[in-house]
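Hi,

Here is the model I promised to pass on. Have a look at it first, and then read my notes underneath.

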Amino acid sequence: MPEKEKEGIDLKSMADATHEVAHGGQKAAKAVVVLEESDLPYEEDILKNQYSLRSWQRYIDHKKKSKAPLKQICQVYERALKIFERSYKLWFNYLRFRKRMIAHKCPTDVAFQHLSDAYERCLVYLHKMPRIWLEYCEIMMKRGLITETRRVFDRSLRALPVTQHMRIWPLYIDFLTSHDITETTIRCYRRYLKLNPLAREDFVEYLRKVDQLDEAAKQLANLTLLSHCSNITITVTFVRSLYRLLSFTRSMR
């Protein structure tokens, strides 16, 4: 897409228009873009087969291939989602399309807030889909909103079954350890260890880096006990961490 075209997109007005189409507001009629002549066969098709996802997908593909304005493509997506509100495929493709539209913009741009709003609407229906949560978390991480991002991660863990939590936690831990929020990170790490005790070595290494040596010593003791009780092999990283901690302790005496 040419750079001039990207800069010429009025994302705010487009978001307002697509919202009206999605919710059938009083301005919905004004929000609908005038149809092109090439759109008529597809409009007729969806009139006859309103509940056919394949018909809507053909219409969307036609709009993309004909290089229609982005606003028109989004509106067709929104019209389809008004009918197929629980369609994972439709939501996934729509959100990916919206992400590509704003990829060139700064994360602090209002367009990212509009994208977050779209993810929130999606999660009303698809809150059991880990892939949607992961992409939403990645968007929030990119925006740099620490508290809001942490809340989205916590919401995802509450919404998803425990069997899916291991898909969320690695990204959550990466997010926490990349910011100077030591107390929050330690609390969340303790929650993570209940699900994955094998991550204790990484926790010890993090504690050593942030100079939380007392807590690191406790976790090393727990790891030693766990290795004896559960026949877990202690890695070289653990031995090195233990040696460094003991060396530091002796030097302080």
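Below is what I found, going from the whole chain down to single residues.

Bear in mind that this is a predicted model. The fold is helical throughout the assigned secondary structure: 15 helices and zero strands. Of the 253 residues, 43% count as buried. Among contacts with a separation of 6 or more, 53% are between residues 24 or more positions apart. On the outside, the chain exposes about 14700 Å², and carbon and sulfur atoms supply 53% of that area.

Now the inside. In soluble globular proteins, nonpolar side chains tend to be buried together. Here the largest nonpolar core has 61 residues, and Trp133 and Tyr172 have the most contacts inside it. If you want to see what surrounds Trp133, leave aside its neighbours within four places in sequence: it is in contact with Leu123, His127, Val152, Arg155, Ser156, Ala159, Leu160 and Ile168.

Trp133 is also one of the buried residues of α9, so that helix comes next. Helix α9 covers residues 130-143, and its 14 residues reach 20 Å from the first C-alpha to the last, close to the 20 Å expected at 1.5 Å a residue. How much of α9 is buried? The count is 10 of the 14 residues, so the helix is largely enclosed by the rest of the structure. Besides Trp133, the buried set includes Pro130, Ile132, Leu134, Tyr136, Cys137, Ile139 and Met140, and it also takes in Glu135 and Arg143. The buried residues pack against α7, α8 (110-125), α10 and α11 (169-177). Just after α9 comes Gly144, with a positive phi of about 80°.

One of those packing partners, α10 (residues 146-159), holds Asp154. Is this acidic residue buried or exposed? Asp154 counts as buried because its relative accessibility is 13%, below the 20% cut-off. Its side chain makes a polar contact of 3.3 Å with the side chain of Arg191. Not counting residues up to four places away in sequence, Asp154 touches Arg191 and Tyr172. Tyr172 is the residue named with Trp133 above for its contacts in the core.

There is another buried aspartate to look at. Asp39 sits in the loop between α3 (28-31) and α4, and it is buried, with a relative accessible area of 1%. A polar contact of 2.6 Å joins its side chain to that of Lys63. Away from its sequence neighbours (up to four places), Asp39 touches Tyr59, His62, Lys63 and Gln72.

Tyr59, His62 and Lys63 are among the buried residues of α5, along with Ser55, Trp56, Gln57 and Ile60. Helix α5 (residues 53-65) has 13 residues and reaches 18 Å from first C-alpha to last, close to the 18 Å expected at 1.5 Å a residue. Its buried residues pack against α4 (40-48), α6 (70-83) and α7 (88-101).

Helix α7 therefore turns up in the packing lists of both α5 and α9, even though I have only one note on a residue within it. Met101 lies in α7 and is buried, with a relative accessible area of 4%. The C-alpha atoms of Met101 and Ala111, 10 residues apart along the chain, are separated by 9.3 Å.

A couple of backbone points for when you go through the loops. Lys67 follows α5 and lies in the loop between α5 and α6. Its phi is near 55°, a positive value in a residue other than glycine. Lys67 counts as exposed, at 74% relative accessibility. Asp211, in the loop between α13 (200-209) and α14 (213-230), also has a positive phi, near 65°. Asp211 counts as exposed too, at 56% relative accessibility.

Last, the cysteines. How many disulfides are there? The count comes to zero. Cys74 is buried at 0% relative accessibility, and Cys188 is buried at 4%.

If you open just one region, I would start with α9 and Trp133, then move across to Asp154 and Arg191.

Cheers

Note on methods: Residues are numbered from 1 along each chain as its sequence is written. This is a predicted model: local features need pLDDT of at least 70, side-chain atom pairs count only at pLDDT 80 or more; totals for chains, interfaces and linings use all residues. Side-chain values use heavy atoms; hydrogens and water are left out. Helices (H or I, at least four residues) and strands (E, at least two) are DSSP runs, numbered from the N terminus. Buried means under 20% relative accessible area, exposed over 50%, partly exposed in between (1.4 Å probe, protein chains only). Contact means heavy atoms within 4.5 Å. Accessible areas come from the Shrake-Rupley method with a 1.4 Å probe; for residues, only the protein chains shown count as cover. A nonpolar core is a set of buried Ala, Val, Leu, Ile, Met, Phe, Trp, Tyr and Cys residues joined through side-chain atoms within 4.5 Å. A polar contact is a pair of N or O atoms within 3.5 Å; within protein, one must be able to donate a hydrogen and the other to accept it, and residues adjacent in sequence count only if both atoms are side-chain atoms. A disulfide is a pair of cysteine sulfur atoms within 2.5 Å. The expected span of a helix is 1.5 Å times one less than its number of residues.
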